[in-house]
Amino acid sequence: MKKTYLNEIPNLVDKEIEVYGWVHEIRDTAKFLFIILRDSAGKAQILINKEKTEIYNVAKELHHEDVIYVKGIVKKSEIARLGYEIIPNEIKILSKAKHPLALDVTGKINAELNTILDARYLSLRRDDYNAIFKIQSALVRYIREFLYERGFIEIFTPKIIKFATEGGAELFQVKYFDEISYLAQSPQIYKEICSGAFEKVFEIASYYRAEKSRTPYHLTEFLSFDVECAFYSYHDIMDLLESLMKFVINKLYEKNEKEFNILKCEKINVDYKFERIKYDEVISILEPYGIKWGDDLTQHTLKLLEGKIGKKFFFIIDWPTELKPFYTHEHEDNPKITKSFDFNYGFLEIASGGERIYNGDKLVQKLKKMNLNPENFSLFIKALDSGMPPHAGFGLGISRLLLILTNSKNIKEVVLFPRDVDRLIP
Ligand code: ATP
Ligand code: MG
């Protein structure tokens with residue numbers, strides 16, 4: 001007989017089944033011992049009659065998080081909280097948990113974030129964290145589904161690199177035999193090169209930034225979802241991102257209702273056109289607060305903006321050239337601004353993107369202007385000089401999106417094993 005998963009038992013009434021899982025809760029009464037068994041798919045009540053001494057002798061030794069095997073008959077029950085119960089004919093202990101445990105898996109006793117992260121081996125068994133990472137898995141799946149359906153190619157670029165792409169300060173150094181290398185901050189130039197062959201590419205991978213700032217939104221290792229498309233303008237890319245977001249979020253609410261119910265979080269409405277607000281307009285909205293043209297939009301500034309326009313998805317477009325990375329394409333009729341965008345939910349930036357410089361000479365000029373050494377980019381310049389089409393793309397922080405969707409407070413909650421200035425373990 002094969003393992004029955006606990007979500008299958010409503011279809012197996014009066015049948016004998018074999019289940020495996022963890023002891024989630026134990027309730028002791030005069031005549032019965034009630035055990036709530038948990039597995040990756042659900043929970044079920046095991047009803048042990050104390051008069052059945054052989055089984056009761058095993059069951060009375062059980063503690064929270066012990067792993068057990070139960071063979072028994074499924075019964076429908078009017079009183080059981082879960083609607084069904086299993087009447088056991090055999091119980092075996094497969095693995096004992098040593099008490100006290102670092103965390104209460106039922107979630108009844110709340111724990112500090114640090115405890116939750118230190119004891120990930122237990123907190124991932126909690127209904128809420130378990131739901132968050134099931135949503136993450138589905139989110140990535142629906143992104144892939146959307147893009148494969150539209151002819152995208154999934155790529156895998158190197159994470160150990162020789163030269164920086166997003167500015168030198170935030171790089172982690174890696175000793176690479178006898179030379180120095182770095183951990184990639186983004187797949188930028190590699191995805192651009194790939195778009196010059198496959199046209200439409202995407203990658204979902206981790207990147208590294210030596211961010212010393214302690215914010216609820218920054219990690220030193222973060223999961224990014226990157227897209228690059230040849231022959232797309234930045235408006236085409238925003239169209240793509242907008243339809244992708246609507247598809248993925250609607251599909252999550254449709255297919256993952258169980259997980260969202262566990263988290264008790266309200267659905268985010270995506271049923272509107274995501275506005276494209278020019279950077280200039282943002283500045284005029286924020287002028288009364290002393291914000292002027294050329295200023296970067298800090299989180300504090302963006303919170304003021306959220307206060308004015310509300311908490312929703314929107315784009316800020318046409319950023320000053322000075323505020324965007326060297327590869328960003330300028331507007332032909334006004335080189336002070338770029339064909340670029342940030343994609344936000346309220347104050348929180350979720351993605352950045354835009355059109356890229358696709359001419360080698362132009363890139364060399366730009367690198368020199370920004371005091372960067374063109375020699376470090378010789379491979380990329382060769383690629384641009386070998387027939388590179390106009391192209392555009394974006395990078396989106398998966399965990400920031402997951403944080404919003406699950407109504408979490410800190411990005412560390414929605415990352416399995418987060419890395420930040422203070423955390424390298426577990
Ligand atoms: P921020 O201004 O919020 O620090 P950024 O503009 O430096 O972000 P980009 O280089 O535009 O970041 O990266 C694209 C996306 O990757 C961001 O919009 C964000 O969602 C995500 N991201 C970037 N850095 C981090 C980080 N340190 N931790 C988590 N996510 C990040
Ligand atoms: Mg950005």
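These notebook entries record what I looked up on the two domains and on one metal site.

**Entry 1: the model and its domains.** I note at the outset that the model is predicted. I looked up the domain assignment of the protein chain and found domain 1 at 6-95 and domain 2 at 122-414. I then took the separation of the centres of domain 1 and domain 2, which is 47 Å over C-alpha atoms.

**Entry 2: the contact.** I asked how many residues each domain brings to the contact. Domain 1 contributes 6 residues and domain 2 contributes 5 residues. For the area buried between domain 1 and domain 2 I recorded about 410 Å²; carbon and sulfur atoms give 29% of this area. I also looked up which residues of domain 1 bury the most against domain 2. Arg38, Lys43 and Glu65 supply 55% of the area on the domain 1 side, more than any other three residues.

**Entry 3: polar and charged pairs.** I found 2 salt bridges across the interface of domain 1 and domain 2. I noted a salt bridge between the side chains of Lys43 and Asp127, at 2.7 Å from N to O. The count of residue pairs in polar contact between the two domains is 4. I sorted the residues on the side of domain 1 that touches domain 2 and obtained 3 charged, 2 nonpolar and 1 polar.

**Entry 4: the magnesium ion.** I asked which protein donors the magnesium ion (ligand 2) has. I found Glu349 (OE) and Ser352 (OG), at 2.2 to 2.3 Å from the ion. I then checked whether these residues are buried or exposed. Glu349 has a relative accessible area of 30%, so I list Glu349 as partly exposed. Ser352 is also partly exposed, because its relative accessibility is 24%, and buried would require under 20%.

Terms used:
Residues are numbered from 1 along each chain as its sequence is written. Chains are lettered from A and ligands numbered from 1 in the order in which they are written. This is a predicted model: local features need pLDDT of at least 70, side-chain atom pairs count only at pLDDT 80 or more; totals for chains, interfaces and linings use all residues. Side-chain values use heavy atoms; hydrogens and water are left out. Domain bounds come from an automatic or database domain assignment. Contact means heavy atoms within 4.5 Å. Buried area is the accessible area (1.4 Å probe) that two parts lose on being put together, summed over both. A salt bridge is a side-chain nitrogen of Lys or Arg within 4 Å of a carboxyl oxygen of Asp or Glu. A polar contact is a pair of N or O atoms within 3.5 Å; within protein, one must be able to donate a hydrogen and the other to accept it, and residues adjacent in sequence count only if both atoms are side-chain atoms. Ala, Val, Leu, Ile, Met, Phe, Trp, Tyr, Cys and Pro count as nonpolar, Asp, Glu, Lys and Arg as charged, and the others, Gly among them, as polar. Donors are N, O and S atoms within 2.8 Å of the metal (3.2 Å for Na, K and Ca); water is not among the atoms, so sites may look incomplete. Buried means under 20% relative accessible area, exposed over 50%, partly exposed in between (1.4 Å probe, protein chains only).
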